[in-house]
Amino acid sequence: QVQLVESGGGLVQAGGSLRLSCVASGRIFRIYDMTWYRQTPGNQRELVAAITGSGTTNYADSVKGRFTISRDNAKNTVYLQMNSLKPEDTAVYYCNAFVASSTSSLDRYWGQGTQVTVSS
C-alpha cells in the first residue's frame, strides 16, 4: 500500500504565500504523474496543477503565474508553491499520484487533504 500525506496548509492573508508538500510512502516502485486538486463545499474537485515523472507541468488557468508545482523524486515528494493568494483560492487541497508498486501494478492514490484559507 501507498500513503500520501499533505502538509503546509493554513490561514494566510490575501497576497501572501504558502507552500504545500505531499510525501508518498509505502511500497513504491515508481511514481508517475503527481497532481494537486482542490475542493470547496458543494463543488467537485478541480485540478490545480500537475507534473509528470519527467517534470512537464500543467496548470489551471486560474493559478497560472501564481502557483508553481515541483517534485523531488528522490524524496517521493511533490510541492505546490502558492504566491499572490486570493480569497477564491480557499479550499481543501488534495494530492494525487499514480504509483506503481511493482512492474505490473499501477494505482491511483489520494492524500487526506490540507485546508488552505485566504482571508481578504
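Me: Which residue in strand 8 is the bridge partner of Phe 67?

Reply: That would be Met 82. Keep in mind that this is a predicted model, and we are reading its features from there.

Me: How many bridges hold strand 7 and strand 8 together, and in which sense do they pair?

Reply: Strand 7 and strand 8 (residues 77-82) pair over 6 bridges, in the antiparallel sense.

Me: What sheet do they belong to?

Reply: An open sheet of 4 strands, in the order 1-3-8-7, with antiparallel pairing. Its edge strands are strand 1 (2-7) and strand 7 (67-72), and each of these pairs on one side only. From one strand to the next, the twist averages 15 degrees.

Me: OK, and where does Asn 76 lie?

Reply: Asn 76 is in the loop between strand 7 and strand 8. Its phi is near 55 degrees, which is a positive value in a residue other than glycine.

Me: Why should I care about the sign of phi?

Reply: Because most residues other than glycine have a negative phi. Asn 76 goes the other way with its positive value. As for its surroundings, Asn 76 is partly exposed, with a relative accessible area of 24%.

Me: What about the phi of Ser 84?

Reply: Ser 84 isn't a glycine either, and its phi is positive, about 50 degrees. You'll find Ser 84 in the loop between strand 8 and strand 9 (91-102). Ser 84 has a relative accessible area of 42%, so it counts as partly exposed.

Me: Switching topic: how many disulfides does the count come to?

Reply: The count comes to 1 disulfide. This one joins Cys 22 to Cys 95, with 2.1 Å from S to S.

Me: Remind me, what is a disulfide?

Reply: A covalent bond between the sulfur atoms of two cysteines. Here, the link of Cys 22 and Cys 95 is left-handed, with -80 degrees about the S-S bond. The pair links distant parts of the chain, 73 residues apart: Cys 22 is in strand 3 (residues 18-26) and Cys 95 is in strand 9.

Me: Are those two cysteines buried or exposed?

Reply: Buried. Cys 22 has a relative accessible area of 0%, and Cys 95 is at 0% relative accessibility too.

Me: Now charges. How many salt bridges does a search of the whole structure find?

Reply: The search finds 4 salt bridges. The general idea is that side chains of opposite charge can pair when their charged atoms come close. One of the bridges is between Arg 38 and Glu 46, at 2.6 Å from N to O. Arg 38 is buried, at 7% relative accessible area, while Glu 46 counts as partly exposed at 37%.

Me: What does Lys 64 meet in a salt bridge?

Reply: Lys 64 meets Asp 61, at 3.1 Å from N to O. Asp 61 is exposed, with a relative accessible area of 65%, and Lys 64 is partly exposed at 48%.

Me: And which residue does Arg 66 form a salt bridge with?

Reply: Arg 66 forms a salt bridge with Asp 89, and their closest N and O atoms are 2.7 Å apart. This pair links distant parts of the chain, 23 residues apart: Arg 66 is in the loop between strand 6 (57-59) and strand 7, and Asp 89 is in the loop between strand 8 and strand 9. Arg 66 is buried, with a relative accessible area of 10%, and Asp 89 is buried at 1%.

Me: Which residues do the shared partners join into one network?

Reply: Arg 38, Glu 46, Arg 66 and Asp 89 are joined into one network by salt bridges that share partners.

Me: Last topic, rings! How many aromatic pairs are there?

Reply: The count comes to 1 aromatic pair. The pair is Tyr 37 and Trp 110, with ring centres 5.0 Å apart and planes at 55 degrees, so it is tilted. Tyr 37 lies in strand 4 (residues 30-39) and Trp 110 in strand 10 (residues 105-110), so the pair ties together parts that are 73 residues apart in sequence.

Me: How accessible are Tyr 37 and Trp 110?

Reply: Tyr 37 counts as buried at 15% relative accessibility, and Trp 110 counts as partly exposed at 34%.

Me: Which charged end sits over the ring of Trp 110?

Reply: The charged end of Arg 45 sits there, 4.5 Å from the ring centre. Elsewhere, Arg 19 lies over the face of Tyr 79, at 4.0 Å from the ring centre.

How values were computed. Residues are numbered from 1 along each chain as its sequence is written. This is a predicted model: local features need pLDDT of at least 70, side-chain atom pairs count only at pLDDT 80 or more; totals for chains, interfaces and linings use all residues. Side-chain values use heavy atoms; hydrogens and water are left out. Rings of Phe, Tyr and Trp (its six-membered ring) pair if their centres lie within 6.5 Å; planes under 30 degrees apart count as stacked, over 60 as edge-to-face and the rest as tilted. Helices (H or I, at least four residues) and strands (E, at least two) are DSSP runs, numbered from the N terminus. Buried means under 20% relative accessible area, exposed over 50%, partly exposed in between (1.4 Å probe, protein chains only). A charge sits over a ring if NZ of Lys or CZ of Arg is within 6 Å of the ring centre and within 35 degrees of the ring normal. Two strands pair if DSSP finds at least two bridges between them. Axes are lines fitted to C-alpha atoms, for helices over the stretch in contact, and angles run from 0 to 180 degrees between N-to-C directions. A disulfide is a pair of cysteine sulfur atoms within 2.5 Å. A salt bridge is a side-chain nitrogen of Lys or Arg within 4 Å of a carboxyl oxygen of Asp or Glu.
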